[in-house]
Amino acid sequence: MIPDTARMMEWIETVTSRGIRRPGYPADDWTAAWAAERFTEFGLHDVRLAPVELPVWRPVTAALVVGLDADPSRVVRVAASALPYTTPKATVRAPVSREVVPGAIVVPEYTFTELPQSYLRELATAVHDPEGVFDELVQTLPFQLDYLDVIQGVMDGGAAAFAGALTGVPWETRDYYVPYDAVHRDLPAVWLSGGDARRVLDLVDEGPCTGTLTVESETGPALSHNVIGTLPGRSGQWVIIGSHHDAPWASAVEDASGIALVLAAAQYWAGVPERDRPHNLLFLLTAGHMAHAAGTRAFIEENRGLLGDVVLQLHLEHAARRCVVVDGELVPTGDPEPGWWFTTRKPELESLVAAALVAEDLRRSFVLPPDVFSPMPPTDGAFFHPEGVPLVHFLSAPMYLFDSADTLDKVHEAGLEPLTRAAIRIVEGTAGWRRA
């Protein structure tokens, strides 16, 4: 009864074809309305668009020009990409430095974190690795561990501007949408591609340089919407099945694939008789994940009376292909990116998730505690965790997650149906459960 892979890929292509889906962008507004139409088409009840206030941020232009003080004819000019929610408009002329120096345009080199899967296996409560690849596999994460504070040290050091050098990113890009917590940081800040940054740094290494950094972005308030629909079940308890509908770019994996997984679950459960649904079901596509999970936080505030009756909050994000880099280009493989299943520390829930992974052969999967990396899981639904709501959050973190390279070929098509079936198994397995 679940939609097939072709149908889910059609949904993903429909969403990505609208363009960049950042919070407050027209493509994201269109996607929310389109998803609500699908909920209605499937027969969900009480389908609605719940307003969410959040800040919008639109980059316009950014560039860096650096000249060698000893020879004004030696100049490097590069395009740049402004960091979200930093100083929206500025022109800064100052010395250029690799190190944090007060009053300078600082150009620190940035690299992604390498995570051995053998290390993560030691932190997991269960693992499904039938190929035995976790002994040797090293995953490239799409960030450093302090990615939300990436410019804080430069700000604290009194620098005039930040020009992050993506020299440690395995492919050539400046399209890096980090940080995404929608916190205003009062510093002009841009990303430089690895190749452009090396040209700048090579010149800086020759002697004192002066640079001019220009940046222009548009900011302001915006109104987005959570997409909500329900189905009655045989219990007075609730299961919430969710993901988010916004994205850093047109983003097929982040999170058009999550939209498709929630739509697939909604269509399946709409076809199941009410007496066979273990609990009431609420389907949720949130706004503003790229604005510090604004939609999730708004939903929690507006529905606190419901939370005490939620036996499970199931979040589905990122059906991703693992990529390798060949000659500086991202090349998708046939393998899934390792899947993280953040699961509340309840033995019966952890066992249920582990059994679903095996039943659907979702290889390269970990069952992890929600707080294994930080106080909350790194998911759009993270704010349910401190509320005490039992959760299972599926997420993968491919290296291209926040980059415009997240295109249709990065979706792990072979995983869409098994992920949907695993989600159904997990919901079915909660039959008879109640919040204690």
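# Reading folds and backbone in a predicted chain

Biologist: D255 has its place in helix 6; what kind of peptide bond joins E254 and D255?

Modeller: This is a predicted model, in which local features need pLDDT of at least 70 and side-chain atom pairs count only at pLDDT 80 or more, while totals for chains, interfaces and linings use all residues. Residues are numbered from 1 along each chain as its sequence is written, and side-chain values use heavy atoms, with hydrogens and water left out. As for your bond, E254 and D255 are joined by a cis peptide bond with omega at about -5°. The bond from V178 to P179 is also cis, with omega near 0°, and P179 is placed in the loop between strand 10 (161-168) and strand 11 (189-193).

Biologist: How are the helices and strands assigned, and how many of them does the chain have?

Modeller: They are DSSP runs numbered from the N terminus, a helix being H or I over at least four residues and a strand being E over at least two. Ten helices and 20 strands are found in the chain. With a radius of gyration of 23 Å against the 22 Å that the globule rule gives for 436 residues, the chain is as compact as a globular protein of that length; the radius is taken over C-alpha atoms, and the rule is 2.2 Å times the number of residues to the power 0.38. The C-alpha trace spans about 80 × 45 × 40 Å along its principal axes.

Biologist: What share of the residues in the chain is buried?

Modeller: A residue is called buried under 20% relative accessible area, exposed over 50%, and partly exposed in between, with a 1.4 Å probe and protein chains only. By that reading, 59% of the 436 residues are buried.

Biologist: How would I read strand 13 in those terms, and which residues lie on one side of it and which on the other?

Modeller: Strand 13 (residues 238-244) is mostly covered, with seven of its seven residues buried. W238, I240, G242 and H244 lie on one side, V239, I241 and S243 lie on the other, and all of these are buried. Two strands are said to pair if DSSP finds at least two bridges between them. Strand 13 pairs in the parallel sense with strand 14 (residues 280-286) over seven bridges, and within strand 14 it is L285 that stands opposite S243. Between these strands the chain passes through helix 6 (residues 252-270), giving a right-handed β-α-β crossover; right-handed here means that, with the strands pointing away from the viewer, the path from the first strand over the helix to the second runs clockwise. Strand 13 also runs parallel to strand 15 (residues 310-316), to which five bridges join it, and V239 has L312 as its bridge partner there.

Biologist: Which strands pair with strand 19, and in which sense?

Modeller: Strand 8 (residues 126-128) pairs with strand 19 in the antiparallel sense over three bridges, and A126 stands opposite V367. Strand 18 (residues 339-343) pairs with strand 19 in the parallel sense over four bridges, with F342 and L368 as bridge partners. Strand 18, helix 9 and strand 19 form a right-handed β-α-β unit. Strand 19 is covered on both faces, since S365 and V367 on one side and F366 and L368 on the other are all buried.

Biologist: Where is D361 found, and what is unusual to look for in its phi?

Modeller: D361 is in the loop between helix 9 (347-359) and strand 19 (365-368), and its phi is near 50°, a positive value in a residue other than glycine. D361 counts as partly exposed because its relative accessibility is 45%. D46, which is not a glycine, likewise has a positive phi of about 50°, and D46 is placed in strand 1 (residues 45-68).

Biologist: What covers the buried residues of helix 7?

Modeller: In helix 7 (residues 294-302), the buried residues are A294, G295, T296, A298, F299 and I300. Their cover includes strand 1, strand 12, strand 13, strand 14 and helix 8 (304-307), contact meaning heavy atoms within 4.5 Å.

Biologist: Is S217 in strand 12 buried or exposed, and which residues is S217 in contact with?

Modeller: S217 lies in strand 12 (residues 209-231) and counts as buried because its relative accessibility is 9%. Leaving aside neighbours within four places in sequence, S217 is in contact with W57, R58, P59, V60, A82 and P88.
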